[in-house]
Structure formats: C-alpha cells, structure tokens
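The exercises below concern the structure shown here. Each consists of a task and a solution worked in steps.

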Amino acid sequence: MVKPDWLVAVVSTGMLYVGCGEHQGGSAEGEVPASVEQDLSTLVTCPVGSVTVTFDPPLRRTPQDVVTTSTGVLSNCVTLLGSPVTSATAWRQLNEPGLSCANLLKTPSTTLSLTWNTGETSTLRSTQVRVASEPAVAIAEETGTVLSGKFEGATSVRTATFVSTDLAACDSPEGLSSLNGLLSLSLVQVL
C-alpha cells in the first residue's frame, strides 16, 4: 500500500539514538488537516517508558566499530483496537562500523523486537526521521512498520528523549558508554 506524503509528518515520533556531534536541528512538521485525521486509527499507545542505549566500546570522536544495544520498557499502554496489552519490553542490537560521536545521528534502518505483557511479540522495521536538540534535551524520532506478530502491518511511531548534558561524555577520556532516556510508542493503522 502506498502511504501519502503526510504520513511521516503525522507519525514522526520515535527513535533510540541521538548524536553528540554537530547540532542537527529538526523542525516540527506541519499539523495534520482535520480531513486526514479520520484516515488514521490508533491501535495501541504506550506513553510512558524508559530506554537505555549502551555502546561497546564507548563512543568517542574517533570512528571505531561499535556494538549498540538498546533496551526499553513501555508501560501504561492503552489498546484502542484489537486484543488489549498494557506493557512491553523492547530490544535491538546493531554492529555499527566506523561509528563515532560525530556520526551517531546517521542511523540506518533497524529491526526492533517487542514483547508484550501477553507474551505476544511484534517485529518492527524502523527508520529515523527526525532529531531535535533543545538546550536541555535531545529528542530522537523514528517511524516504521510492524513486519510480523501482533499488530502486523501497523505503522510504528517511536520517540526517545535524552538529557543533552549526558552527551558531553563524548568528550571525556572514558567516552560515551550509555544513554538513558524516556520512551514512548504508538502503533497506528491507515484506514
């Protein structure tokens, strides 16, 4: 199914990685026309969560091969359509050659595994769509598709928010070994 151009603007709320290199501000994309909103149906939304991203070895300004592992916990989920879920855990791991603090924002498409409180799973394929930096926080967003499992075919919307001062570790002798932040997730379906 071909999705209209506005879909990315509507669902651009979620990603796991933010950079500690040069600032790359993102602009909030336009509002959704009222006539378009009726074409989206929210399947589930999980507004409360946390995420930890670890880097092995720790990130520095010098490029190196890094294994990036992201783990997250989502709670307070509300299911609007389909069988109910209340929480989920999220996991993904990437081998990233030549990664440094300077190019951390250049994140490829990735696969994420979700395990719902019911024991059901969802596999998501996501792409980063926006990174915004404000004085106190860095917000990373991604959107994607549920490839298999519960809510298959839905569009995923994911947002991670990190404290900007944590990114200063990029310039320390130890490097940036991990980031902790807030996480939210929504799954929507185009009608």
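Strands are DSSP runs of E with at least two residues, numbered from the N terminus. The model is predicted, and every value below is computed from it.

**Exercise 1. Overall organisation**

Task: State how many helices and strands the protein has, and in what pattern they follow one another.

Solution.
Step 1. The protein contains 2 helices and 10 strands.
Step 2. Along the sequence, their pattern is α-α-β-β-β-β-β-β-β-β-β-β.
Step 3. Of the 191 residues in the protein, 43% are buried.
Step 4. Among contacts with a separation of 6 or more, 67% are between residues 24 or more positions apart.

**Exercise 2. The setting of Glu96**

Task: Locate Glu96, determine whether it is buried or exposed, and describe its surroundings.

Solution.
Step 1. Glu96 belongs to strand S5, which covers residues 88-99.
Step 2. Glu96 is buried and has no salt bridge.
Step 3. A salt bridge requires a side-chain nitrogen of Lys or Arg within 4 Å of a carboxyl oxygen of Asp or Glu. For Glu96, the nearest side chain of opposite charge is that of Arg92, 8.2 Å away.
Step 4. The side chain of Glu96 does, however, make a polar contact of 2.8 Å with the side chain of Thr68.
Step 5. Beyond residues up to four places away in sequence, Glu96 touches Gln64, Asp65, Val66, Thr68 and Pro108.

**Exercise 3. Salt bridges**

Task: Give the number of salt bridges in the whole structure, then examine the pairs Arg61 and Asp171, Glu120 and Lys150, and Arg158 and Glu142.

Solution.
Step 1. The search of the whole structure yields 4 salt bridges. Side chains of opposite charge can pair when their charged atoms come close.
Step 2. Arg61 and Asp171 form a salt bridge through their side chains, with an N to O distance of 2.8 Å. This pair links distant parts of the chain, 110 residues apart: Arg61 is in the loop between strand S2 (48-59) and strand S3 (64-75), and Asp171 is in the loop between strand S9 (155-163) and strand S10 (176-190). Arg61 counts as partly exposed because its relative accessibility is 38%, whereas Asp171, with a relative accessible area of 56%, is exposed.
Step 3. A salt bridge of 3.3 Å (N to O) joins the side chains of Glu120 and Lys150. Glu120 is in the loop between strand S6 (110-116) and strand S7 (121-133), and Lys150 is in the loop between strand S8 (137-149) and S9, so this pair ties together parts 30 residues apart in sequence. Glu120 has a relative accessible area of 31% and is therefore partly exposed; Lys150, with 10%, is buried.
Step 4. The side chains of Arg158 and Glu142 form a salt bridge of 4.0 Å (N to O). Because Arg158 lies in strand S9 and Glu142 in strand S8, the pair ties together parts 16 residues apart in sequence. Both Arg158 and Glu142 are buried.
Step 5. Arg92, Glu142 and Arg158 are joined into one network by salt bridges that share partners.

**Exercise 4. Strand S2 and its partners**

Task: Describe how S2 pairs with S3 and with S10, and place Ser177 relative to Val53.

Solution.
Step 1. S2 and S3 are antiparallel and pair over 9 bridges. A hairpin of 4 residues connects S2 to S3.
Step 2. Within this arrangement, Ser50 is opposite Val73 in S3.
Step 3. The pairing of S2 with S10 is also antiparallel and extends over 6 bridges. Leu179 in S10 is the bridge partner of Val53.
Step 4. Ser177 lies in strand S10 and is partly exposed, with a relative accessible area of 39%.
Step 5. Ser177 and Val53 are 124 residues apart along the chain, and their C-alpha atoms are separated by 8.4 Å. Apart from neighbours within four places in sequence, Ser177 contacts Val53, Thr54, Phe55 and Pro58.

**Exercise 5. The aromatic pair**

Task: Classify the geometry of the ring pair Trp116 and Phe151 and locate both residues.

Solution.
Step 1. The structure has 1 aromatic pair. The ring centres of Trp116 and Phe151 are 5.6 Å apart and the planes stand at 75°, so the pair is edge-to-face.
Step 2. The pair links distant parts of the chain, 35 residues apart, with Trp116 in strand S6 and Phe151 in the loop between S8 and S9.
Step 3. Trp116 and Phe151 are both buried.

Terms used:
Residues numbered from 1 in each chain as written. Predicted model: local features only at pLDDT ≥ 70, side-chain atom pairs only at ≥ 80, totals over all residues. Heavy atoms only, no water. Buried < 20%, exposed > 50% of the residue type's maximum accessible area, 1.4 Å probe, protein only. Lys, Arg positive; Asp, Glu negative; His and termini not counted. Polar contact = N/O pair within 3.5 Å; in protein donor to acceptor, adjacent residues only side chain to side chain. Contact = heavy atoms within 4.5 Å. Pairing = 2+ DSSP bridges. Phe/Tyr/Trp six-rings, centres within 6.5 Å; stacked < 30°, edge-to-face > 60°.
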